Amino acid sequence: MAHRHGRGPDFLIHDSHLYDGVDDRQVAAALKLAAEVTEEENLQYIVTINTDSLGMAAQRGFDPEPYTRSPRLTDEHETGGLFGFRFKTTGKR
C-alpha cells in the first residue's frame, strides 16, 4: 500500500530464513505470488534462497530461471566463492 501511494521503496527483500522449514509447496506458491505481485506493482523482489529450497520449489511448478540473477554463489572447488574470491580456511574450527 505504501508503494502504491509513493511512500515505499521499489523493492522487497527476503532472507533465506523466511523459507527455512517451510513446505516446498508453500515455498513454490510464495515465490509465484511474489513474482506476480512484483510484476503488477512494478517492484523488484530480492530473495536469498538456498538452491535445495529453490530446486524443490521448481519441482512444484515454480520456474526460477527468468528471475535468477548473477552472482550465483556455489561451493564448487574450482569456480565457487563470493564474487570470484575464495576464502582460505586455516583448519581451525
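Is Thr38 buried or exposed? In this predicted model, where local features need pLDDT of at least 70, side-chain atom pairs count only at pLDDT 80 or more and totals for chains, interfaces and linings use all residues, Thr38 is buried, at a relative accessible area of 11% (buried means under 20%, exposed over 50% and partly exposed in between, with a 1.4 Å probe and protein chains only). Residues are numbered from 1 along each chain as its sequence is written, and side-chain values use heavy atoms, with hydrogens and water left out.

Thr38 sits in helix α1 (helices are DSSP runs of H or I with at least four residues, strands runs of E with at least two, numbered from the N terminus). A polar atom of the Thr38 side chain lies 3.3 Å from the backbone oxygen of Ala35. Beyond neighbours within four places in sequence, Thr38 is in contact (heavy atoms within 4.5 Å) with Leu43, Gln44 and Tyr45.

Tyr45 leads on to the nonpolar interior. With neighbours within four places in sequence again set aside, Tyr45 is in contact with Leu12, His14, Tyr19, Leu31, Ala34 and Thr38. Tyr45 also belongs to the largest nonpolar core, which has 10 residues, including Tyr19, Leu31 and Ala34 (such a core is a set of buried Ala, Val, Leu, Ile, Met, Phe, Trp, Tyr and Cys residues joined through side-chain atoms within 4.5 Å). Helices α1 and α2 (51-59) each supply at least two residues of this core, and α1 gives the most, with four.

Methods. A polar contact is a pair of N or O atoms within 3.5 Å; within protein, one must be able to donate a hydrogen and the other to accept it, and residues adjacent in sequence count only if both atoms are side-chain atoms.
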